[in-house]
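Thank you all for coming. I would like to walk you through one model this morning, going slowly enough that each term can be explained when it comes up.

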Amino acid sequence: MGYLADKKNEHEAACEAAIRAGDAPTARMHAAKAAEFCFALAKQTSGPVSSSYVTTAEGWLEIAEKLATAKLPRPAAGGPRPVAAAGNAPAARSTGGAGSSPVQDDESSSGESFEVSEIPDVSFDDIAGMNEAKAAIQEMIIYPMREPEKAKAMKLKPGGGVILYGPPGNGKTMFGKAIAHEIAAPFFYASGAQLRSKWHGESEQNLSRLLKAASSKPVAVLFLDEIDGLLPRRTASSSVVDNRIVTQFLADVGGFRESENTLLILGATNKPWAIDEAVFRTGRFDEKLYIGLPDKDARLGMLTRAFDGVACETAVDCAQWAERLDGYTGSDITGIARKARLAAFKRSVEAGTDPVVLASDLENAVKVIPSSVTPAMVRQYENFNQQRFDGTNSKV
Ligand SMILES: Nc1ncnc2c1ncn2[C@@H]1O[C@H](COP(=O)(O)OP(=O)(O)O)[C@@H](O)[C@H]1O
Ligand SMILES: [Mg+2]
């Protein structure tokens, strides 16, 4: 039993190492071996333990099958390219011939572990700031879709993977929806926690269903929120599920590169340091975009949008507030503006007058909505950028 479990673990680890190294045939061999040892373990055990080994074995067989057709990218050299250089290097990569799409079938996509919405109505124009992130996405997906002939001539295919990371409330989810809007694509949303299940084998099935559903559309945006929960950094004490789901994810995404549909996978996280190393390293996520706190221009943009067409007394000065709200997140700022509008509304209903936002409404709002990020939290992201990406990833 100990021997079988050891061998199983050994092959699991070797499979993952081979995937990281971009060696699909070796990875496939180890996945098949891992399945073999799981089946052997299933024979030696009984009841739920045995059936969980069977599920695990089947999972490995599925991975082995995918690896037969997946073209694994070679490991990326170094970290991500700086987003500041968004105008230079091509982001989408050529995939050569038609290839096969191992994840395309008719299986029902009605699983409740994820949500699909039609084309979202939030657009790039609704997002204040984030100019470099917008430029990176434009180059990676919007331009190649708009100008397919030119992209083809340059052997570029739209789609791929992007990690969006940064403190909560600064528009990662909003940005994901806006991208889907810009390319008129349905928006598939799932959180790592939603996909994760305490039942053995179910997390993989959830993930597979989601990937299949998204890849059944000609164009789709797949937003994996809290991707740190789905693909957590593995440690010696990680569960089998943790290890296998990461491996399966990497193998699946390898398959997408070869498929004909255009799929943009966005992985969002507030805790980039908690993500498995392999996710960053294997080159499956072409871009890592830091979505930090809004700068002064972005803050002004948010306030201007929030009070656009709204009656305000002249003392309400958006430029001054943009200055004052340094260190506040996007959702803090839109929350403050909303609170002020609500106060004006309530006052007007009670007094039977026309609603007008007063400077004092903003003063009161800012008292009850403090900045939700501390300087120490911001420093944590900066340190992460410094360490992981050698400081090349500029603030967006
Ligand atoms: N750059 C921005 N422009 C306009 N609104 C923003 C921006 N960033 C954040 N917001 C506001 O904050 C809310 C929360 O943002 P969200 O996308 O959920 O952040 P995150 O996913 O990074 O936690 C948004 O729905 C929006 O109202
Ligand atoms: Mg979010």
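**A walk outward from one strand**

Let me begin with a single pair of residues: Y165 stands opposite T269, which lies in strand β5. Before going on I should say that this is a predicted model, in which local features need pLDDT of at least 70 and side-chain atom pairs count only at pLDDT 80 or more, whereas totals for chains, interfaces and linings use all residues. Residues are numbered from 1 along each chain as its sequence is written, while chains are lettered from A and ligands numbered from 1 in the order in which they are written.

When I say helix or strand I mean a DSSP run, numbered from the N terminus, with at least four residues of H or I for a helix and at least two of E for a strand. Counted in that way, the chain holds 16 helices and six strands. The six strands form an open sheet in the order β1-β3-β4-β5-β2-β6, and the pairing is mixed, where two strands are said to pair if DSSP finds at least two bridges between them. At the edges are β1 (115–117) and β6 (287–290), each of which pairs on one side only. Neighbouring strands of this sheet are turned against each other by 20° on average, direction ignored; axes here are lines fitted to C-alpha atoms, for helices over the stretch in contact, and angles run from 0 to 180 degrees between N-to-C directions. As general background, strands of a sheet pair through backbone hydrogen bonds, either parallel or antiparallel.

Now back to β5, and to the strands that it pairs with. Strand β2 (residues 160–165) runs parallel to β5 and is joined to it by six bridges, and besides the pair I opened with, G160 stands opposite L264 in β5. Strand β4 (residues 219–225) also runs parallel to β5, again with six bridges, and there F223 stands opposite L266.

Is β5 enclosed or open to the outside? Eight of the eight residues of β5 (residues 262–269) are buried, so the strand is largely enclosed by the rest of the structure. A residue is called buried if 20 or more other C-beta atoms lie within 10 Å of its own, exposed if 12 or fewer do, and partly exposed in between, with C-beta atoms placed from the backbone. T262, L264, L266 and A268 point one way from β5, while L263, I265, G267 and T269 point the other way, and all are buried. For the chain as a whole, 44% of the 396 residues count as buried.

Let us turn next to helix α6 (172–182). Eight of its 11 residues are buried, so α6 too is largely enclosed by the rest of the structure; among these buried residues are K172, F175 and E182. The elements that cover them include α4 (131–146), β2, β3 (187–191), β4 and β5, and contact here means that the C-beta atoms of two residues, placed from the backbone, lie within 7 Å.

Helix α6 also takes us to the ligand. Of the 17 residues around ligand 1, G171, K172, T173, G330 and S331 come nearest, where a residue is near a molecule if its C-beta atom, placed from the backbone, lies within 6 Å of it. The elements giving two or more residues to this shell are α6, α12 (296–306) and α14 (330–351). Domain 2 (72–293) and domain 3 (296–372) both give residues to the shell, so ligand 1 lies between them; the domain bounds come from an automatic or database domain assignment.

I will finish with two residues whose backbone deserves a second look. Most residues other than glycine have a negative phi. M130, however, has a phi near 55°, a positive value, and its place is in the loop between β1 and α4. K155 likewise has a positive phi near 55°, and is found in the loop between α5 (148–153) and β2. Which of the two classes, buried or exposed, does each belong to? M130 counts as buried because it has 28 − no, let me read that correctly, 27 C-beta neighbours inside 10 Å, whereas K155, with 12 such neighbours, counts as exposed.
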